[in-house]
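Dear colleague,

I am passing on the structure we spoke about, and below it you will find my notes on the ligand site. Please read them with the coordinates open beside you.

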Amino acid sequence: MRVHSILAAGLAAVLTGAVLLGPSQAQNAPAADQLALTSQKETTLGRRLLMNSIGANNDIIHDTLDGVLPMDDLELRGRLQSISAMLYAFPNLFRAEANPYTEEGEKADPGHVSLSDTRVWEDFEAFKQLSYAAYIKAQEAADAPPDQMLARVEELEVMCESCHETYRKPFEYFDFDRVEEFIK
Ligand code: HEC
């Protein structure tokens, strides 16, 4: 067989494999060391709790830097350190089998429904890299001199929002800025 026909046969095999598996599974087929000991439901709840905590920590950091809460340098750095670690852990809480947000899923089990968009699984490597970039940014904020911390935190918040725009289902019911409307 000539070289280019060997290559063509190889490519055909790859393409056939991709068609048989479907695009997201072909990309995300787990290796032997990627098999988990916890369930899809547990991992979904785990990543929601984790993201929720990132959000709560970030609100406190922002209010502190805005002067709404009393300044405490050590506390700020500790919270940023936690956010950083959580952003590293976050993409590691996804299973190869996709479980994006669905209305039916939410009705069936609101405690375990995912807010992730299907694009997480279609484009997992890019999603993971975004999360790791945010992990590094949060670490930079934790290590920044006091007069540069707010700038680093604002850069981090741009990363939060741009990831959510692509990879998270838009939702209103957890929007803390609107919480008063729900209480009325
Ligand atoms: C790399 C992408 C990415 C980055 C960076 C990111 N998020 Fe998220 N976030 C998500 C995804 C995806 C979800 C939905 C997770 C799920 O339910 O499966 C989410 C969910 C959330 C939630 C809702 C939690 C819940 O279920 O109630 C909050 C709040 C949140 N993120 C805040 C933040 C904040 C604040 C930052 C930045 C400090 C941040 N996120 C950074 C992707 C990201």
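What arrangement do the six donor atoms around the iron atom of the ligand form? Bear in mind, first, that this is a predicted model. The angles that the six donor atoms subtend at the iron run from 81 to 179°, and the arrangement is therefore octahedral. For six octahedral donors, the ideal angles are 90 or 180 degrees.

On the protein side, the iron donors are Met 51, through SD, and His 164, through NE2, at 2.0 to 2.4 Å from the metal. This pair joins distant parts of the chain, since Met 51 belongs to helix α3 and His 164 to helix α8, 113 residues apart. Met 51 is partly exposed, its relative accessible area being 24%, and His 164 is likewise partly exposed, at 23%.

Turning to the surroundings, there are 24 residues around the ligand, of which Met 51, Ser 116, Cys 160, Cys 163 and His 164 come nearest. By class, this shell holds 14 nonpolar, seven polar and three charged residues. Helices α3 (40–65), α7 (124–143) and α8 (146–167) each supply at least two residues of the shell, and α3 gives the most, with seven.

Oxygen atoms of the ligand also have polar partners in the protein: an N or O atom in the side chain of Arg 48 is 2.6 Å from one ligand oxygen, a polar side-chain atom of Ser 114 lies 2.9 Å from a ligand oxygen, and for Leu 115 a backbone N or O atom lies 2.6 Å from a ligand oxygen.

With best regards

Note on methods
Residues numbered from 1 in each chain as written. Predicted model: local features only at pLDDT ≥ 70, side-chain atom pairs only at ≥ 80, totals over all residues. Heavy atoms only, no water. Near = heavy atom within 4 Å. Polar contact = N/O pair within 3.5 Å; in protein donor to acceptor, adjacent residues only side chain to side chain. Helix = DSSP H or I, 4+ residues; strand = E, 2+ residues; numbered from the N terminus. Nonpolar A, V, L, I, M, F, W, Y, C, P; charged D, E, K, R; others polar. Donors = N, O, S within 2.8 Å, 3.2 Å for Na, K, Ca; no water. Tetrahedral: all angles 85-135°; square planar, octahedral: opposite > 155°, others 65-115°. Buried < 20%, exposed > 50% of the residue type's maximum accessible area, 1.4 Å probe, protein only.
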